[in-house]
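Here is a short tour of one protein with its ligand. Have the structure open and follow along.

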Amino acid sequence: MSHIEHLKSLYPLQGVHVVDVGAGDGIYSRQLHAVGAKVTAIEIDPRKVAKARENLPSSIQVKLGAAEKLPLSSGAADLVGMFFSLHHVPSDFQSATFREIRRVLKSSGRLHIVEPYPYGTMFDVVRMVEDETHVRTRSHQLLNGLDRDRGFELVNKREYVLTREYPTFEVFLEKIVLPDPDRTRAYDAVAAEMAATYERVAETVDGRVVLHQPCAAYHFSVAG
Ligand SMILES: C[S@@+](CC[C@H](N)C(=O)[O-])C[C@H]1O[C@@H](n2cnc3c(N)ncnc32)[C@H](O)[C@@H]1O
């Protein structure tokens, strides 16, 4: 299952304005654009913004900005998506984030948030340089309690496993550890143990070496 495949089954994406908050390098902005959405990508890290602007199709607008203070006018978006990014927003800013999302969504709009669980083979390896057990647990609690009082109504919740290919430990390092300065600093102390964990948990499926990340997708409408 892919995030966009699932989202597409819930909401028609052709021609609608989708805001991808915490877009990173823009992997899902690109996929949303490919299925016909008009995409604005919002990202707080200027290095990722620069990389996304360099690599994404020019019709995707990439903006430097924060989830808790979205650089968008009110009622501008049909759908706001957050893919594995809510748990990165500091807890003090999460209420403001939901207020901001409510502000930029049309009254017919949708909010789609996918969060990873604190388990799975991907988590087993990543936790050695960044243990997100607490923030991921807190995000799921928050989403399970998000209701009309905050301006949203849960339409659909689905759990699935995101499977990503990392053919070697070196590729995993290049994609997941080295782009992040904090993870890179933590890596030296756990290098051998981390490589051994990757070798132990990585699975070969149809000739591809993969790690699995279980997650839940929460799809909300705007409460009337
Ligand atoms: C795990 S990455 C996910 C990136 C992308 N959505 C993906 O799934 O590949 C989380 C992203 O959220 C961004 N982020 C963290 N705090 C943010 C905030 N307050 N506002 C916007 N983006 C934020 C990070 O810089 C990072 O790029």
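What follows covers a bent helix, the ligand site, two backbone oddities and a buried histidine.

## A predicted model

Keep in mind that this is a predicted model.

## Helix H8 and its bend

Start with H8, which runs over residues 181–201. With 21 residues, a straight helix at 1.5 Å a residue would reach 30 Å, yet the end C-alpha atoms of H8 are only 25 Å apart. Where does H8 bend? Look at Val190: the helix turns there by about 85 degrees. At the N-terminal end, Asp180 acts as the cap, with a side-chain oxygen 2.9 Å from the backbone nitrogen of Asp182.

Val190 is also one of the buried residues of H8, along with Arg183, Tyr187, Met194, Thr197, Tyr198 and Val201. And what do these buried residues pack against? Their partners are two helices, H5 (121–126) and H7 (169–177), plus two strands, E7 (203–205) and E8 (208–222).

## Around the ligand

Now over to the ligand, which has 18 residues around it. Gly22, Glu43, Ala67, Glu68 and Phe83 are the closest. Two ligand nitrogen contacts go to the protein backbone: one puts a nitrogen 2.9 Å from a backbone N or O atom of Gly22, and the other has a nitrogen 2.8 Å from a polar backbone atom of Phe83. On the oxygen side, a ligand oxygen sits 3.0 Å from an N or O atom in the side chain of Lys48. Taken on its own, the ligand has 600 Å² of accessible area, and the protein covers 84% of that.

## Two positive phi angles

Most residues other than glycine have a negative phi. Phe84 goes the other way, with a positive phi of about 60 degrees. You'll find Phe84 in the loop between strand E4 (77–83) and helix H4 (94–104).

Asp206 also has a positive phi, about 50 degrees, without being a glycine. This one lies in the loop linking E7 and E8. Is Asp206 buried or exposed? Its relative accessibility is 76%, so Asp206 counts as exposed, the cut-off being over 50%.

## A buried histidine

His3 belongs to helix H1, residues 3–10. Why does His3 count as buried? Because its relative accessibility is 1%, and buried means under 20%.

Leaving out residues up to four places away in sequence, His3 touches Tyr28, Val114, Tyr160, Leu162 and Cys215, as well as Phe83 and Phe84. Those last two have come up already: Phe83 is among the residues closest to the ligand, and Phe84 carries a positive phi.

Conventions:
Residues numbered from 1 in each chain as written. Predicted model: local features only at pLDDT ≥ 70, side-chain atom pairs only at ≥ 80, totals over all residues. Heavy atoms only, no water. Helix = DSSP H or I, 4+ residues; strand = E, 2+ residues; numbered from the N terminus. Expected span 1.5 Å × (residues − 1). Bend = angle between axes of the 7 residues up to and from the residue. Buried < 20%, exposed > 50% of the residue type's maximum accessible area, 1.4 Å probe, protein only. Contact = heavy atoms within 4.5 Å. Polar contact = N/O pair within 3.5 Å; in protein donor to acceptor, adjacent residues only side chain to side chain. Near = heavy atom within 4 Å. Areas by Shrake-Rupley, 256 points an atom, 1.4 Å probe, with all protein chains shown as cover.
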